[in-house]
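This short report looks at one protein, beginning with a single residue and its surroundings and then turning to a pocket and to the chain as a whole.

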Amino acid sequence: MTLENKIKEITDFDLKDPIVLEGLPGIGFVGKFVVDQIIKQADATKFAELKSDYFPPQVTMKADGLIEHMKNEFYYLKDFGEDKLDLILLTGNTQGADFIGQTEICKVLIDYFEDLGSKKLFTLGGLGTGELVKENRVFVAANNKESLDEVLELDNTSVRKDDGGAILGASGLLLYYAEERDIPATCLMGETPGFYVDASAAKAVLSVLFDLLKFTIPLDEIEEQIDLINQRIEASQKVPPYVMEQQVQNQDDLQYIG
């Protein structure tokens, strides 16, 4: 049986040199939190959906009892921010189920972004520490020095130099496949314990994006989530008992995340 990836466009759109922001589920759900907040607060328009036989063999159950299939979703913003940029926002409820799935899906994604004329790509994720973080730093990796230096000029950004590591999943593979197409690509990783949905790390990544892409969105919802998490941590004196979709198996899994 041949496994397939299928992107279905659901509305007409016209984008000029769009910049891609990828935020799929990962450690701390940092990237997904960032992209979903931009989509919600800026009222982005959904224009396409990816269905794949390489996604995990499951569905999710919603609060109303209905199910939702595994998918990646594409949204766009037109003439966004001070520089009137066109953005493509990639979100979803899953990544590829295994090594082959990750690579096949990411190849399809980069083909699609290239076909849409994308000139720059940012992958967003979390860098897990395994312990509580007082101030969330943003660690940076890129597929070219110019893109790396551009981000490192900003506050609260740095390269993790002590023990290296790997960027897992889409956030890493998209950088590699973008490099093959001469598309500049950068990964922004918010420092996070990795044990819960980390709104604080997401806020740190958003702050870097605000400076890079010259836009803002309301942060009220993020601040509410940060306050809620802090209250739970203070009350229990331990990491809140959130259950992540992708369980951390050992300390090595907390290095870099897609």
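## A residue at the surface

The model shown here is predicted, and a convenient place to begin reading it is Met61, which belongs to strand β4, a strand that covers residues 59-61. Is Met61 buried or exposed? The relative accessibility of Met61 is 76%, and because a residue counts as exposed when this value is over 50%, Met61 is placed among the exposed residues.

Met61 also takes part in a nonpolar patch on the surface, where Val59 and Ile67 join it, and the accessible area of these three residues together is about 350 Å².

## The second largest pocket

General reasoning helps here: rolling a probe the size of a water molecule over the atoms shows where empty space is left. In this model, the second largest pocket holds about 190 Å³ of space. Its lining consists of 13 residues, of which Val133, Tyr196, Ser200, Asn230 and Ile233 lie closest to the centre of the pocket.

Two elements, α5 (199-213) and α6 (220-236), each give two or more residues to this lining, and the one that gives the most is α6, with 4 residues.

## The protein as a whole

The protein has 258 residues, and 49% of them count as buried, while its secondary structure comprises 6 helices and 11 strands. Among the contacts with a separation of 6 or more, 77% are made by residues 24 or more positions apart.

Finally, the protein exposes about 13000 Å², and carbon and sulfur atoms supply 47% of that area.

Methods:
Residues numbered from 1 in each chain as written. Predicted model: local features only at pLDDT ≥ 70, side-chain atom pairs only at ≥ 80, totals over all residues. Heavy atoms only, no water. Buried < 20%, exposed > 50% of the residue type's maximum accessible area, 1.4 Å probe, protein only. Contact = heavy atoms within 4.5 Å. Areas by Shrake-Rupley, 256 points an atom, 1.4 Å probe, with all protein chains shown as cover. Patch = residues over 30% accessible without salt bridge, like charges linked within 9 Å, V, L, I, M, F, W, Y side chains within 5 Å. Salt bridge = Lys/Arg side-chain N within 4 Å of Asp/Glu carboxyl O. 1 Å grid on protein atoms, 1.4 Å probe; cavity = no way out; pocket = protein on both sides within 12 Å on 5 of 7 lines; lining within 4 Å. Points joined across faces, edges and corners; volume = space filled by probe spheres on them.
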